[in-house]
Amino acid sequence: MKKAEGYRPISIPEDRLDEFFDVVQWAFVGEWLREDRQDYVDALPVERARALEVTDARRGRVGEVAAVHASFGTEMVVPGGRTVPTAGLSWLGVHPAHRRRGLMTRMIHDHFERSLARGEAVSVLYAMEAPIYARFGYGMGSQTVKAEIPRGAKMWAVDGADDLTVRLERASFDAHDALVSGLQARLDRPGTVINAVGSGRNARFTDPVGNRRGMEKWRLAIVEDAGGPVAYAFFRRHARSSVGIHDGVCQVREHGSMSPAASQRLWETLTDFDLVETTMTENLATDDPLLHQLKDPRGVRSKVIDNLWVRLLDVPTALEAREYLHDCDVAIELADKHVPGNAGTWRVRVSGGDARVTRTDDAPDLSMDIRHLSQCYLGGTSLEALVRAGLVREHTPGQARELAIAMMSPVAPLANWDF
Ligand SMILES: CC(C)(COP(=O)(O)OP(=O)(O)OC[C@H]1O[C@@H](n2cnc3c(N)ncnc32)[C@H](O)[C@@H]1OP(=O)(O)O)[C@@H](O)C(=O)NCCC(=O)NCCS
């Protein structure tokens, strides 16, 4: 492992934010517009912004910021509907002049230590490139369906959908934060990340001009019944036409529905705008109601990709936070190179839906790396599948199935807000 010598970790004060942002632009390949700066400040949890600064002139200019990261302090929904204190790692980038010297590795260790000190039992992230994070103990905890839905796609009728009303408005923090936060707090899908705020404002409402690529400002579709809002979606459109044919697109970002009827009313609206031929979304759970409501599933062009990467930082706290579907008693031997406190053998006893997790000297029933347990945590991957893939070792026949059944979630996990 490379050591990242000649650098030191620091917190980024407000007056050094531009140095932080400069590294982000270098790392993520882009030049921001000056007018967008406040949006980026709003989207950044400034009090949790960290960096590596050069201390050795052989590495660069002493005092310059070479690499950055930050994290959102949040609660994540786990199977059963409870939540666990979670750190959402984000903004991680290394200036290209300093890459492959171990700086990411050092920052991840910094992130793990600080998250644990704050009592955050799990770390989650979205990966720009999927092969990067398994080495640090992250497992692909959920998958998402990227879909392109043709205009006017037919759906099976759902009772009550026609009785709901829809409002379409320009998304605004002042007008809609309470509405969106209120609905989001009612979502019970594992992987839902609640209340990830930037510097005091809800980062979901940021809308940099430079990111629009010809699209409108973000808009909000709000579905209501007599009692108030029951579904919402952020969306924006782009009008296109060639040889006289209008083939505009609608992009849907975060969305949430409180009932089958609300989901149907929402998607009927989002897939039937004039001058728009295709509605695209990257945020559908693999069991999203829409996928079952569509009459012609093959009419949707889709692809399944990784969604949330999950890393258990405090194994007993994380495992005890979620609910289980099946009683079992299994000893798990865990390898964890990056958080040694997790390594060793743990007994997981599940009774009546709750787990007690304690250290044991007993021989293990199963052996695995922390990334495999992390991958199964939200209930989207079966532990038995990982045994069949040759990644988890089963010493006591049948015990992988016992734990697999206990850990499965009847609802597929998904984080539908990309942080
Ligand atoms: C990805 C990035 C953060 C890596 O930073 P870095 O300081 O060069 O990484 P490290 O030197 O600590 O590398 C650690 C290990 O990860 C591997 N690695 C780094 N980047 C990788 C990538 N893009 N794909 C696959 N492996 C990668 C390294 O080869 C190294 O492997 P090793 O331990 O077997 O030698 C950096 O290249 C970057 O900022 N890229 C652009 C922005 C980005 O993608 N950020 C991640 C956002 S999710």
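**F72 and W417.** I started with this ring pair: both F72 and W417 are buried (under 20% relative accessible area with a 1.4 Å probe, protein chains only; exposed is over 50%, partly exposed in between). Their ring centres are 5.9 Å apart and the planes make 75°, so I logged the pair as edge-to-face. My pairing rule takes rings of Phe, Tyr and Trp (its six-membered ring) with centres within 6.5 Å; planes under 30 degrees apart are stacked, over 60 edge-to-face, the rest tilted. F72 sits in strand 3 and W417 in the segment after helix 10 (399–407), so the pair links parts of the chain 345 residues apart. Helices (H or I, at least four residues) and strands (E, at least two) are DSSP runs, numbered from the N terminus.

**Ground rules.** This is a predicted model, and I kept local features only at pLDDT of at least 70 and side-chain atom pairs at pLDDT 80 or more, while totals for chains, interfaces and linings use all residues. Numbering runs from 1 along each chain as its sequence is written, and side-chain values use heavy atoms, without hydrogens or water.

**Other rings.** I get 14 aromatic pairs by that rule. W32 and Y40 are a stacked one, 3.5 Å centre to centre with 10° between the planes. W32 is partly exposed at 23% relative accessible area, whereas Y40 is buried at 10%. Ring pairs also join F20, F21, W32, Y40 and W91 into a cluster.

**Helix 1.** I checked its length: twelve residues (17–28) at 1.5 Å each should span 16 Å, and the end C-alpha atoms are 16 Å apart, which agrees (expected span is 1.5 Å times one less than the number of residues). Its buried residues are L17, F20, F21, V23, V24 and Q25. Their cover includes helix 2 (37–43), strand 2 (50–54), strand 3 (65–77) and strand 4 (83–94). Right after the helix comes V29, with a positive phi near 60°.

**Charges over rings.** I counted NZ of Lys or CZ of Arg within 6 Å of a ring centre and within 35 degrees of the ring normal. R253 puts its charged end over W218, 4.1 Å from the ring centre. R237 lies over the face of F273 at 5.3 Å.

**UniProt check.** The unreviewed entry lists R100, R101, G102, L103, M104 and T105 under "binding site"; such annotations may be inferred rather than shown by experiment. R100 is in the loop between strand 4 and helix 3 (103–117) and is exposed at 59%. T105 is in helix 3 and buried at 14%.

Terms used
Contact = heavy atoms within 4.5 Å.
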